[in-house]
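Trainee: I have this model open and would like a close look at a single part of it. Could you take me through the helix at the start of the chain, and show me how it sits in the whole?

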Amino acid sequence: TFDVDLATPAFLEYPVNALAGSMIRSRTPPLWNPYQGCGVPLNAQYSTSVFFPYQALMNACPWRVWDHWMLGRLLFAGFFTYLFLISSGLGSAAAAIGGMMFMLSGSMVWFINLQQYINTAMVLPLLMFCAQKLVSCRQRRWRVWTAVSVALVLVAGQPEVAAYIVLFCAAGV
């Protein structure tokens, strides 16, 4: 059988997110975790996303509303998939179905609580949309938006998935 890793969200992500959230609320940059070993830089851990803006906003909110933020990731991914498919020439009905299919795909729903993975996966359609606009329009603003979306992929939390996403987008351009 296929098992979802429930230990990482429970024993790594939740405590790190709660610590980063308390630091953000107290206007302290979330740079150092004093509770792990003798202390460790938060961004030097394997899969933290303390500098990912969406994660930082979620962390700053009370933990009781974190489920809404997790569902928001799906909506973000679906919306930018829709925009990417529209800009690729599909009709609005086909693009809406494509957006819903990605938003509700197995990996997005199955790993919804594995935030380090979903953070990178949710930015994939944004990166594809910006790169597609960059290639088709050749305007300076799409260079900036593509660079911002690549930066979002890189700070989203999971290095392997980020590498695959950047390579996938580069191969498509």
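Mentor: Happy to, and let's begin with the whole. With 173 residues, a compact globule would have a radius of gyration near 16 Å, and the protein, at 17 Å, agrees with that. Along the principal axes, its C-alpha atoms fill a box of roughly 55 × 40 × 30 Å. Keep in mind that this is a predicted model. The mean pLDDT is 90, and 98% of the residues reach 70 or more.

The secondary structure comes to eight helices and two strands, in the order α-β-β-α-α-α-α-α-α-α along the sequence. Of the 173 residues, 41% count as buried. Among contacts between residues at least 6 apart in sequence, 57% join residues at least 24 apart. The exposed surface is about 9700 Å², with carbon and sulfur atoms supplying 70% of it.

Now to your helix. Helix 1 covers residues 7–25, which makes 19 residues. At 1.5 Å a residue, the expected span is 27 Å; the end C-alpha atoms are 26 Å apart, so the two values agree. The axis does bend along the way, though: a kink of about 35° lies at E13, shortly before the proline P15. E13 also belongs to the buried residues of helix 1. The others in that set are T8, P9, V16, N17, L19, A20, G21 and M23.

What do these buried residues of helix 1 pack against? Their partners are strand 1 (32–33), helix 2 (53–60), helix 3 (66–87) and helix 6 (115–137). After helix 1 comes R27, whose phi is positive, near 60°.

A word on confidence before you zoom in on side chains. Helix 1 has the lowest confidence in the protein, at a mean of 86, while helix 4 (residues 92–103) has the highest, at 97. As a general caution, where pLDDT is low, the predicted coordinates should not be read in detail.

For a buried residue outside a helix, look at Q158, in the loop between helix 7 (140–155) and helix 8 (159–172). Its relative accessible area is 13%, so Q158 counts as buried, the cut-off being under 20%. Leaving aside residues up to four places away in sequence, Q158 touches Y46, Q116, Y117 and T120.

Key:
Residues numbered from 1 in each chain as written. Predicted model: local features only at pLDDT ≥ 70, side-chain atom pairs only at ≥ 80, totals over all residues. Heavy atoms only, no water. Helix = DSSP H or I, 4+ residues; strand = E, 2+ residues; numbered from the N terminus. Expected span 1.5 Å × (residues − 1). Bend = angle between axes of the 7 residues up to and from the residue. Buried < 20%, exposed > 50% of the residue type's maximum accessible area, 1.4 Å probe, protein only. Contact = heavy atoms within 4.5 Å. Rg over C-alpha atoms; globule rule 2.2 N^0.38 Å. Areas by Shrake-Rupley, 256 points an atom, 1.4 Å probe, with all protein chains shown as cover. pLDDT = per-residue confidence, 0-100.
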